[in-house]
Amino acid sequence: MRAPLPAGRALGAPLLARDFEPTIFEFSEPGRHAASFRTTDLPAWQADELVPEAFRQSGAVALPQVSERDLVSHFTRLTHRQYSVDLGAYPLGSCTMKYNPKAADAGACLPGFTAVHPAAPASCTQGWLELLVELEEALCEITGMHAATLQPAAGAAGELTGLLLMSAYHEANGESARRRRVIIPDSAHGTNPASVTLSGYEVATVGTNARGGVDLGALRALLDDDVAGIMLTNPSTLGLFEEDIVAIAQAVHDIGGLLYYDGANLNAILGIVRPGDMGFDIVHLNVHKTFATPHGGGGPGAGPVAVCSKLARFLPGPRPTRGHNGFELTMPESSIGRVHSWHGNAVVLLRAWMYLRLNGGDGLKRVSEIAVLNANWFKERLRGTYDIAYDRPVMHECVVSAQSLHHDVGLSALDVAKRLMELGFHPPTVYFPLIVEEALMVEPTETESPQTLAALADAFLQVARESREAGNADDAKAAPRTTPVGRVDDARAARKLVVTFDQRAD
Amino acid sequence: MSAPFVAHTDAEIAEMLGFLGLDDLDGLFGEIPEALRLRRGLDLPMAMSEPDVAWRLDELASRNRPCGRDLVCFAGAGAYDHEIPAVVKAVASRSEFVTAYTPYQPEVSQGVLQAIFEYQTMIARLSGLDVANASLYDGAASLVEAVNLAVVAAGERRVLCSKGVHPHWRRQLETFSRGSGNEIDLVPLSGGVTAWEEVADVGPFGAVVVAAPNYLGCLEDLAAARSLADRVGARLVVCFDPVSAGLLRTPGSLGADVVVGEGQPFGTALSFGGPYLGLFACRLADVRRIPGRIVGETVDIEGRHAYVMTLRAREQDIRRERASSNVCTNQTLMAVTAAVHLSWLGPQGLREVALRCARATRYTREALSSIAGVKLMTTAPILREFAVRTPIAPETLIERLVEDGYLAGVPVREGFEGTEYEGGLLVAATEKRTRAEIDGFAAAFEKAVR
């Protein structure tokens with residue numbers, strides 16, 4: 001393997017030096033405008049002829065008044081103040097920030113898909129329906145499930161949908177009154193407990209054993225006939241495969257509960273092992289993680305939910321299906337209803353379909369193999385410098401800790417994160433999972449080359465070495481000094497709340 | 001075996017495995033019980049090259065009938081065929097916006113954060129309320145969250161919801177009420193607008209929900225909804241149309257406590273229904289109950305202007321089962337898109353879009369209602385959409401007009417079963433529609449219903 005290259009990191013420009021970018025409202029100049037419209041030859045009825053006075057606004061909404069040129073340069077300058085996957089490594093744990101293929105960008109712009117009205121009759125949407133049915137079938141094969149809904153717009157929406165399916169199943173069995181609790185490990189993503197509450201269940205938390213797995217004894221103690229099911233992430237947020245999954249599934253099924261699989265970490269196991277074969281009944285996937293659809297600065301994603309056969313009749317609808325005269329939209333017989341205005345984040349799903357076609361089944365398996373190879377290599381490279389939370393082979397991500405560094409020289413996980421920015425990398429996820437002190441959760445993904453991976457590891461090692469050599473973390477605590485702004489005062493943001501330009505006091 | 005977006009050479013893989021003391025890649029998975037392992041290949045189509053996939057996708061696209069010159073769009077019902085200026089795509093497809101994630105690390109995320117801050121300001125101004133969040137999945141999701149906010153704030157789970165609210169949104173509200181325990185009482189329509197006078201129950205209720213304009217296109221009397229909300233002790237949730245907002249008084253100025261809407265008209269294509277944009281605004285007093293992300297202004301360590309996600313203590317990753325919502329990933333890219341589009345429009349441009357929609361809609365309405373056998377279904381004032389009853393079933397009519405190159409509208413069915421509106425046709429005309437297109441549509445319509 002060649003030595004690490006500067007590749008994979010973004011130093012200096014385009015993260016422009018510490019200049020200030022005014023808001024677009026400050027560019028505004030009365031009378032300036034950019035918009036233009038089609039020539040329609042329609043009668044030029046005026047507002048007072050079209051809208052009764054009681055409803056009519058006398059003025060206009062105070063939107064920015066800018067030229068197209070100033071508009072473009074403002075937003076382009078904003079992009080220069082933004083790190084992204086296209087710039088460099090983005091090892092944010094649990095987020096699977098892999099490279100987003102440009103082929104999917106092109107596909108997502110085809111008017112043959114983007115200009116289709118969601119309420120058009122099925123005769124006008126056969127291409128869309130076929131694509132969505134093919135995607136659903138592929139997701140079922142990957143997860144070992146029977147049927148899926150593509151409606152949920154993100155992972156959390158998928159969680160809530162899955163829990164409502166769990167609830168509908170117990171209700172159909174006449175057991176909804178007594179099954180009130182859903183078990184969640186203390187290492188779970190925060191969306192899990194929040195979704196449980198929204199689905200009307202109570203959270204029961206199960207602890208983690210010394211090897212980082214679910215504490216089986218504690219779980220058995222919680223399992224009673226008031227339990228609706230369990231939500232698990234496997235591999236867990238510690239990046240570890242749940243060794244006792246067979247026993248867990250058995251125990252939960254024995255008391256009539258269902259197993260919910262949080263698909264946030266599915267990138268570790270494509271073609272290796274399937275949630276359905278582990279005993280899971282409900283699975284959500286995050287296509288923006290596993291299937292490389294871009295994260296959009298915080299969305300859109302898509303969170304399809306796949307289920308075993310006994311839950312299929314409860315799925316949300318209407319759903320795309322194969323009919324006698326082509327593809328159609330049908331409502332499952334005991335559907336819980338709609339969970340999206342239309343058919344889900346269709347264009348995101350189209351990107352996922354393309355990704356699956358570009359990789360094929362073998363390619364997906366290679367994706368997981370290399371994701372796991374990268375995470376293990378990275379963890380071993382950091383051994384001896386950072387603490388390893390649970391010292392076992394990991395899957396697609398690893399959780400290391402700055403606990404010793406913090407104790408010895410005051411270098412916290414946050415300091416590591418901020419100093420990494422100066423070295424040109426996006427930081428990993430920090431302080432999660434909550435059960436690991438000074439946690440640094442690193443998910444390199446399979447799309448980072450060995451050279452980038454080595455450069456990232458070197459940066460981690462450099463941050464630790466600098467503090468050890470200085471005997472303190474003063475330098476790291478002053479970081480970042482090369483980014484558009486220095487350390488941000490988030491406490492002040494909450495204390496002196498300014499969430500619109502109109503609230504600004506100056 | 002290879003994967004198209006993996007860079008590792010065989011030699012590099014061997015070297016990395018050597019560093020780990022492993023013989024082969026399978027050795028990485030030793031912790032997985034052998035009995036669970038998938039010892040066959042995934043039964044999926046073989047990997048295809050980029051041009052082959054593009055070709056296959058194009059083939060599927062050819063089986064769709066997209067809106068455009070060959071299928072002139074008169075369908076709306078919450079998804080509108082608006083103009084998308086080139087500048088919107090050019091800016092919103094910048095890969096710094098597209099390939100970043102949630103701005104957890106503000107020092108390297110000022111671009112997305114500031115764009116969201118500007119978006120929040122625009123949505124607050126559009127709605128006439130104090131604050132807006134960083135976006136939700138779609139209009140329906142925003143409605144569900146608004147109702148959750150209202151019932152939690154009021155401590156009262158019962159909800160009065162107008163039947164004029166989009167039927168899909170109502171259906172979704174029902175779905176999620178299975179979990180939240182909210183009880184939704186529907187208020188019927190009369191003459192196309194909500195018959196608030198038929199509400200005899202004095203409450204208390206947590207929320208009163210109304211759409212203005214409503215699903216049938218009619219403008220609603222928000223003052224009446226406000227006084228009912230006051231009478232039953234509820235917060236008033238208004239589903240607004242952000243395009244009509246260019247001409248109408250803001251819901252906030254008419255007493256709305258929470259305003260939600262579908263932001264698709266601002267720069268997002270019809271896209272078979274997604275990804276769209278859930279708009280959400282509320283009063284400052286409710287800001288600590290707001291769902292999802294919100295960006296605030298602050299300073300950095302040296303006093304420079306900076307932006308950061310704020311009020312994080314509400315959120316699922318901090319508060320877990322006591323969070324105000326479970327929202328994590330939202331629709332940020334669509335929010336940035338909307339901010340660019342709204343900046344391009346400006347105050348006069350937005351007003352012009354609304355005005356042009358209203359003109360095209362009036363012209364279409366007059367043309368269709370003069371066809372023998374076609375009757376207007378509502379008498380209340382409308383702006384950008386209207387419902388008609390046709391002599392033949394709307395589904396049949398729509399299929400016939402597709403042959404002539406027009407998407408005639410959306411049938412009124414789901415959510416209106418057993419009402420006078422069932423079997424109607426909902427028609428919308430946006431600023432894109434010309435006199436020639438509408439004249440052609442009306443002529444084809446007349447032939448089709450004859």
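This short talk walks through a predicted model with chains A and B, going from their contact to a sheet, a core, a helix and a loop residue.

Let me begin where the two chains meet, since 178 residues of chain B are in contact with 177 residues of chain A. On the chain B side of that contact, the largest share comes from helix α10, residues 332-369 of chain B, which supplies 23 residues. If we sort the side of chain B that touches chain A by class, we find 94 nonpolar, 45 polar and 39 charged residues.

Staying with chain B, please look next at its open sheet of seven strands, whose order is β2-β10-β9-β8-β7-β3-β4 and whose pairing is mixed. Its edge strands, each pairing on one side only, are β2 (131-132) and β4 (183-187) of chain B. Helix α8 of chain B, residues 222-232, packs on this sheet, where it touches β3 (158-162), β7 and β8 of chain B, and its direction makes about 175° with that of β7(B). As for the two strands β7 (residues 207-212) and β8 (residues 235-240) of chain B, they run parallel and are joined by six bridges, and within this pair A212(B) stands opposite F240(B) in β8(B).

Now to the core: which residues touch the most other members of the largest nonpolar core? Among its 328 residues, they are I282(A) and L349(A) from chain A, together with F74(B), V147(B), V208(B) and V237(B) from chain B. The largest share of this core, 20 residues, comes from helix α12 of chain A, residues 346-382. To take V147(B) as an example, and leaving aside residues up to four places away in sequence, its contacts are V159(B), L173(B), N182(B), A207(B), V209(B) and V237(B).

Turning to chain A, helix α7, residues 191-198, is mostly covered, with eight of its eight residues buried; among them are the polar-sounding names T191(A) and N192(A) as well as V196(A) and L198(A). Just after α7(A), the backbone at G200(A) takes a positive phi of about 90°.

Finally, I would like to look at Y431(A), which is found in the loop between β12 (429-430) and β13 (439-442) of chain A. Why does Y431(A) count as partly exposed? The reason is that Y431(A) has 16 C-beta neighbours inside 10 Å, a count that falls between the limits of 12 or fewer for exposed and 20 or more for buried. Not counting residues up to four places away in sequence, Y431(A) touches A413(A) and A439(A), while N267(A), 164 residues apart from Y431(A) in sequence, is 22 Å apart from it in space, C-alpha to C-alpha.

Terms used. Residues are numbered from 1 along each chain as its sequence is written. Chains are lettered from A and ligands numbered from 1 in the order in which they are written. This is a predicted model: local features need pLDDT of at least 70, side-chain atom pairs count only at pLDDT 80 or more; totals for chains, interfaces and linings use all residues. Helices (H or I, at least four residues) and strands (E, at least two) are DSSP runs, numbered from the N terminus. A nonpolar core is a set of buried Ala, Val, Leu, Ile, Met, Phe, Trp, Tyr and Cys residues joined through C-beta atoms within 7 Å. Two residues are in contact if their C-beta atoms, placed from the backbone, lie within 7 Å. Ala, Val, Leu, Ile, Met, Phe, Trp, Tyr, Cys and Pro count as nonpolar, Asp, Glu, Lys and Arg as charged, and the others, Gly among them, as polar. Two strands pair if DSSP finds at least two bridges between them. Axes are lines fitted to C-alpha atoms, for helices over the stretch in contact, and angles run from 0 to 180 degrees between N-to-C directions.
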